[in-house]
Amino acid sequence: MFQAEKVKNDCIRWIRDFFAQNGPDCNAVVGISGGKDSSVVAALCAEALGRDRVIGVLMPCGEQADIDAAYSLVNHLGIRHYEVNVKAAVEGVLSSLPKDLPLSDQSRTNLPPRIRMATLYAISQSVNGRVANTCNLSEDWVGYSTRYGDAAGDFSPLAHLTVTEIREIGMLLGLPEALVFKTPIDGLCGKTDEENLGFTYADLDVYIREGKMADEETRKIIDQKHKNNLFKLQLMPSFMPEGMTEGQ
């Protein structure tokens with residue numbers, strides 16, 4: 001049985017320990033979308049470090065219909081924040097690519113998250129920061145993240161927690177219910193996460209934790225997605241010349 005209060009407190013201590021070992025005077029830099037994950041991560045960091053050491057970065061790509069949710073979060077927590085519109089940077093890259101390059105739809109979709117992560121690191125290195133990864137176990141399980149985009153970061157509070165569990169923690173943190181239960185949407189393709197995936201996070205979370213899935217076709221889809229995307233969760237493979245060991 002998930003012990004939300006204990007996990008919340010343990011995670012807050014873990015964040016404190018991370019910063020004690022990896023930058024005692026550093027700030028936590030969090031990309032703020034207005035969804036549950038960035039909201040919970042920002043709130044956990046504020047509890048762990050104090051709100052003065054948490055910096056939120058809002059990164060719309062042109063107009064963002066739900067940006068009010070992101071502002072609601074930073075105002076609720078009372079944290080310093082910046083808004084950086086990444087549209088010009090994204091269009092700059094796209095316009096600079098060779099005209100004869102057959103750019104895939106997936107490349108176009110994944111470019112904004114990668115520009116956003118570059119933005120987070122630009123800000124982080126300017127404010128003595130450490131970048132928070134805001135991915136969760138449910139998304140990572142089926143590869144619903146962009147490698148070197150939202151999947152990057154310096155520390156990851158939610159990597160081993162499902163969507164269902166994160167929502168419980170969000171309520172314990174006193175976050176507005178509208179943010180904790182906001183419909184997950186990537187803001188890039190106009191569809192919700194669950195529409196893109198073809199199944200609900202509730203069903204996925206039960207399958208991850210209990211191995212139960214009523215629909216066999218959905219189980220096969222999840223298993224295939226998990227298998228195809230395991231590489232995203234592993235360190236980059238590196239060649240080791242024969243006879244050498246690490247550090248030589």
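Buried means under 20% relative accessible area, exposed means over 50%, and partly exposed lies in between, with a 1.4 Å probe and protein chains only. The structure is a predicted model, in which local features need pLDDT of at least 70 and side-chain atom pairs count only at pLDDT 80 or more, while totals for chains, interfaces and linings use all residues. Residues are numbered from 1 along each chain as its sequence is written, and side-chain values use heavy atoms, with hydrogens and water left out.

**Exercise 1. Place K36 in the model and describe its surroundings.**

Step one is to find the element: K36 belongs to helix α2, residues 36-49, where helices (H or I, at least four residues) and strands (E, at least two) are DSSP runs numbered from the N terminus. Step two is accessibility, and because its relative accessibility is 5%, K36 counts as buried. Step three is to list what K36 is in contact with (heavy atoms within 4.5 Å): leaving aside its neighbours within four places in sequence, these are N136, V163, I166, R167, L179, V180 and P184.

Step four turns to D37, whose side chain makes a polar contact of 3.5 Å with the side chain of K36. A polar contact is a pair of N or O atoms within 3.5 Å; within protein, one must be able to donate a hydrogen and the other to accept it, and residues adjacent in sequence count only if both atoms are side-chain atoms. K36 and D37 also form a salt bridge, with the closest N and O atoms 3.5 Å apart, and both residues are buried.

**Exercise 2. Compare the surroundings of the salt bridges E5 with K8 and E217 with K220.**

Begin with the criterion, which asks for a side-chain nitrogen of Lys or Arg within 4 Å of a carboxyl oxygen of Asp or Glu; a search of the whole structure finds eleven such bridges. In the pair E5 and K8, the closest N and O atoms are 3.5 Å apart, and both residues lie in helix α1 (residues 4-22), three residues apart, about one turn of the helix. E5 is partly exposed, since its relative accessible area is 41%, whereas K8 counts as buried because its relative accessibility is 9%.

In the pair E217 and K220, the closest N and O atoms are 3.9 Å apart, and the two residues sit in helix α11 (residues 216-228), again three residues apart, about one turn of the helix. With a relative accessible area of 48%, E217 is partly exposed, and K220, at 43%, counts as partly exposed. Elsewhere, salt bridges that share partners join K6, D10 and R13 into one network.

**Exercise 3. Work out how helix α4 packs against helix α5.**

Start from the geometry: α4 (residues 87-96) and α5 (residues 105-124) pack at an angle of about 130°, with their axes 9 Å apart. Axes are lines fitted to C-alpha atoms, for helices over the stretch in contact, and angles run from 0 to 180 degrees between N-to-C directions. The angle therefore makes α4 oblique to α5, given that under 35 degrees counts as roughly parallel, over 145 as roughly antiparallel, 65 to 115 as roughly perpendicular and the rest as oblique. Finally, identify the residues that make the contact, which are A89, V90, V93 and L94 of α4 together with R108, L111, P112 and I115 of α5.
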